[in-house]
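Student: I have a new structure open and don't know where to start. Can we go through it together?
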Amino acid sequence: MTTPARGYVRSATRWSIVLATLMIMAGVLGIILPSAVGIAVTILIAWLLIASGILHIIYAWSAGRTQAVIWELLVGLVYLAIGLYVLARPVMGLAGLTLALGAYLFVEAILEFIQSFRLRMIPGAGWFLFDGVISLIIALMIWATWPSSIGWVLGTLVGVTMFVRGISRLAISLALLRAAT
């Protein structure tokens, strides 16, 4: 006998399986065509910067004090200018994002090392050290191969992330589907 809850779970799980499959395919595409995915991510970020700039400019009119209005206008114009620049020159934007990603991973590695040292007495704290080592290796790989790494780093990382998340979502969805039947 099928209860309404089971029917809902099956329906939602089937949609989750479809999404997982699309994520896996997008991940494979990102791994195969990292430059195209890197440019696509850069263009998306450019549009987000432009939208943020417009919203800051709109918000400026309700900021109240003159200093707040000027500040919001300036911030909005900076976001807008950077977004338009990246949109006009996506390869340069991709180069900047790749370098920023390397810097981010380097800082993250240092923070993970500190965290692993602070929590060394707790079981499983070694995973912080492992995460820090991996982040440091990737950061050093980006820096050692920059600027030639701009063509593959961002797209490959996005592709691998989407692929792994798609696999995880598929596994969880299939387990839920089995449990619902």
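Student: How many aromatic pairs does the structure hold?

Tutor: This is a predicted model, and it holds 1 aromatic pair. The ring centres of phenylalanine 106 and tryptophan 143 are 5.2 Å apart and the planes stand at 40°, so the pair is tilted.

Student: Why does 40° make the pair tilted?

Tutor: Planes under 30 degrees apart would count as stacked and over 60 as edge-to-face, with the rest called tilted. The planes here are at 40°, so they fall under tilted.

Student: Which helices do the two residues lie in?

Tutor: Phenylalanine 106 is in helix H4 (residues 90–118) and tryptophan 143 is in helix H5 (residues 126–145), so the pair ties together parts that are 37 residues apart in sequence.

Student: Is phenylalanine 106 buried or exposed? And tryptophan 143?

Tutor: Phenylalanine 106 is partly exposed, at 29% relative accessible area. Tryptophan 143 is partly exposed too, at 35%. Buried would need under 20% and exposed over 50%.

Student: What does alanine 139 touch?

Tutor: Not counting residues up to four places away in sequence, alanine 139 touches Gly102, Leu105 and Phe106. Alanine 139 also belongs to the largest nonpolar core.

Student: Which residues make up that core?

Tutor: There are 9: Val37, Val41, Leu94, Leu101, Leu105, Ala139, Ile142, Val153 and Leu154. At least two of them come from each of H2, H4, H5 and H6. H4 gives the largest share, with 3 residues.

Student: Stepping back, how many helices and strands does the protein chain have?

Tutor: The protein chain has 6 helices and 0 strands. Read along the sequence, the pattern is α-α-α-α-α-α.

Student: What about the overall dimensions?

Tutor: The C-alpha atoms fill a box of roughly 65 × 40 × 40 Å along the principal axes. The radius of gyration is 22 Å, whereas a compact globule of 181 residues would have one near 16 Å.

Student: What share of the residues counts as buried?

Tutor: Of the 181 residues, 30% count as buried. The accessible surface of the protein chain comes to about 11,600 Å², and 77% of that belongs to carbon and sulfur atoms.

Student: Back to the helices. How does the span of H2 agree with what it should be?

Tutor: Helix H2 (residues 34–60) has 27 residues and should span 39 Å at 1.5 Å a residue. Its end C-alpha atoms are 38 Å apart, which agrees. Among the buried residues of H2 are Val37 and Val41, two residues also listed in the core.

Student: And H3?

Tutor: Helix H3 (residues 66–88) reaches 32 Å from its first C-alpha to its last, close to the 33 Å expected for its 23 residues. Its buried residues include Glu72, Gly76 and Leu80. H2 and H4 are among what covers the buried residues of H3.

Student: One more: where is glycine 166?

Tutor: Glycine 166 is in helix H6 (residues 153–180). Its relative accessibility is 0%, so it counts as buried. Leaving aside neighbours within four places in sequence, glycine 166 is in contact with Ala20, Met23 and Ile24.

Student: How far apart are glycine 166 and alanine 179?

Tutor: They are 13 residues apart in sequence and 20 Å apart in space, C-alpha to C-alpha.

Student: What share of the contacts joins residues 24 or more positions apart?

Tutor: Counting contacts with a separation of 6 or more, such residues account for 73%.

Conventions: Residues numbered from 1 in each chain as written. Predicted model: local features only at pLDDT ≥ 70, side-chain atom pairs only at ≥ 80, totals over all residues. Heavy atoms only, no water. Phe/Tyr/Trp six-rings, centres within 6.5 Å; stacked < 30°, edge-to-face > 60°. Helix = DSSP H or I, 4+ residues; strand = E, 2+ residues; numbered from the N terminus. Buried < 20%, exposed > 50% of the residue type's maximum accessible area, 1.4 Å probe, protein only. Expected span 1.5 Å × (residues − 1). Rg over C-alpha atoms; globule rule 2.2 N^0.38 Å. Contact = heavy atoms within 4.5 Å. Areas by Shrake-Rupley, 256 points an atom, 1.4 Å probe, with all protein chains shown as cover. Core = buried A, V, L, I, M, F, W, Y, C linked by side-chain atoms within 4.5 Å.
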